[in-house]
Amino acid sequence: MTFQFNFAIEDHLENELTPPGVAAVTVGSSKELSVSKSQKEKQKDLAPAPVWEPKSVGNAVSCQHTDNLCSATDSSRLLEPHEKQCCLRVAKEHVMPTDVKKVLKNKVIDTVPGLQNVSLSVVKTTLLKESCPGENIVSKSFSCHSDLITGVYEGGLKIWECTYDLLAYFTKAQVKFAGKKVLDLGCGSGLLGITAFKKGAKEVHFQDYNTMVIDEVTLPNVVANCTLEGEENDVKEPDVKRGRNSRIAEELCKCRFFSGEWSEFCNFVLSSEELFVKYDLILTSETIYNPDYYSTLHQTFLRLLGKNGQVLLASKAHYFGVGGGVHLFQKFVEERDVFETRTLEIIDEGLKRFLIELTFKCPN
C-alpha cells in the first residue's frame, strides 16, 4: 500500500514539475520580465560595478595559455561592456562523508543505460515534504511549475535530453578518459562525470549551481556507481568488507564536488590551490539555453581549460522562450576569436540537437 501511495504522489509531482512542451523554459524568463522598473533600478544600484576591459580578446589572450598551470592570482577576465550581472551564488566545496553509505540513506536507485541513478521523483517528493534549511528549490520549482528559475534553480533535478546524446557519443566515438582531469560543468545528476570516472579519468570534478542538487543527487549517484557495481551482498567476512570499503574510499578521492555560480566557482578553485592544474576535458550539457550566461560560460572555459584541452558540449538547436541555442552560442564564441568550434554530431529526432567541440585556436 505504501509503495502505491508514494508512486501516485511521485507521478503527480513529476507532472507538476515538468509540464509538457517548453513551458518550463518560459517561466524563468517571464518571471524576470515581470520585475517592475523600480525593482530593476534598485537591483542595479545594489549590483557590483561591471568590470570593463578591452574587447580585443583574440589570439593575444588565447596565446597566454602556455601551460596547464594557473596561478592563484589568475585574473584573466574578458567581460563585455554590455555584460549583464547575473546572480552570484557563492561557490563552496562539498566534502564526501567518511561513511559513504550514509549518502545513500533513504535513496531509491534506478538505472539508466550502464549507470546507477537515484530516483529523482523520490528525491523531489522527499524534499517537498521536508522543511529544508536554506534553499528548497523543489518547493520553489513546484510552486512556479518550472524546472528553470533564473538565479534560483537551474534544472539540476532533471536529466535533460542532450545528456543522453553525449553519453551515446562517448561510446560511439570511443572518447578516451584515461589519465585525464575532467570537469562535469552544470552536472546535475553527474552522469557525464561518472562515465569519465568509470572509464579511468585521473580526477573528476562535479559542479552545479545548486547546493541541494550536489548533496541530494550528484554525491549519491557517484557513491552508488562506485559501491553497487559488482558488489557482493552475501560477503560477510569483516576483512573482505574492510578491504572493499578501503578501495571504494580510495576511488572516491578522485572526485570533488562544488556548487555555486560559474564565475564564483572559477575564483574558488583557482584560489584554493597555489598552482591549479587545468582541466583536460570539460563536459557540459544544456547549459547554453540562456544568452545572458554566455559571457560567464566563455570565461569559465577560458580560465579553466588546459592549453590542449577540449570542451564537449551538448545542446538543443534553440531554446524557445529563453532565446539561447547552438547557433547563437557559436556566433558568440566566433566573435571573441579565442576558441575553435566544431560540430561533432547533429541529432534530428524531435527537437534538433547538436554536439559540439571547443578547443583553443592558439594553444601555444
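**Cysteines and a helix pair in a predicted model**

Cys187 is buried, its relative accessible area being 9%. Cys253 offers a contrast in this predicted model: this residue is exposed, with a relative accessible area of 64%. The closest cysteine sulfur to that of Cys253 belongs to Cys255 and lies 9.2 Å away, too far for a bond. A disulfide would require the two sulfur atoms to be within 2.5 Å, so Cys253 and Cys255 do not form one. Across the structure as a whole, the number of disulfides is zero.

It is helpful to set these residues against the overall fold. The protein chain contains 13 helices and 12 strands. Of its 364 residues, 49% are buried, and Cys187 is one of the buried ones. Contacts that span long stretches of sequence are well represented: of those between residues at least 6 apart in sequence, 75% join residues at least 24 apart.

One helix pair can be followed in some detail. Helix H8 covers residues 191-198 and helix H9 covers residues 211-227; their axes come within 10 Å and cross at roughly 30°. Because this angle is under 35 degrees, H8 counts as roughly parallel to H9. The crossing of H8 past H9 is right-handed. On the H8 side, the contact is made by Leu191, Ile194, Phe197 and Lys198, while H9 contributes Asn221, Val222, Asn225 and Cys226. By character, the residues of this contact comprise five nonpolar, two polar and one charged. A further cysteine thus enters the picture here, with Cys226 taking part in the contact from H9.

Note on methods
Residues numbered from 1 in each chain as written. Predicted model: local features only at pLDDT ≥ 70, side-chain atom pairs only at ≥ 80, totals over all residues. Heavy atoms only, no water. Buried < 20%, exposed > 50% of the residue type's maximum accessible area, 1.4 Å probe, protein only. Axes fitted to C-alpha atoms, helices over the stretch in contact; angles between N-to-C directions. Helix = DSSP H or I, 4+ residues; strand = E, 2+ residues; numbered from the N terminus. Parallel < 35°, antiparallel > 145°, perpendicular 65-115°, else oblique. Left-handed = near helix turned anticlockwise from the far one by under 90°. Contact = heavy atoms within 4.5 Å. Nonpolar A, V, L, I, M, F, W, Y, C, P; charged D, E, K, R; others polar.
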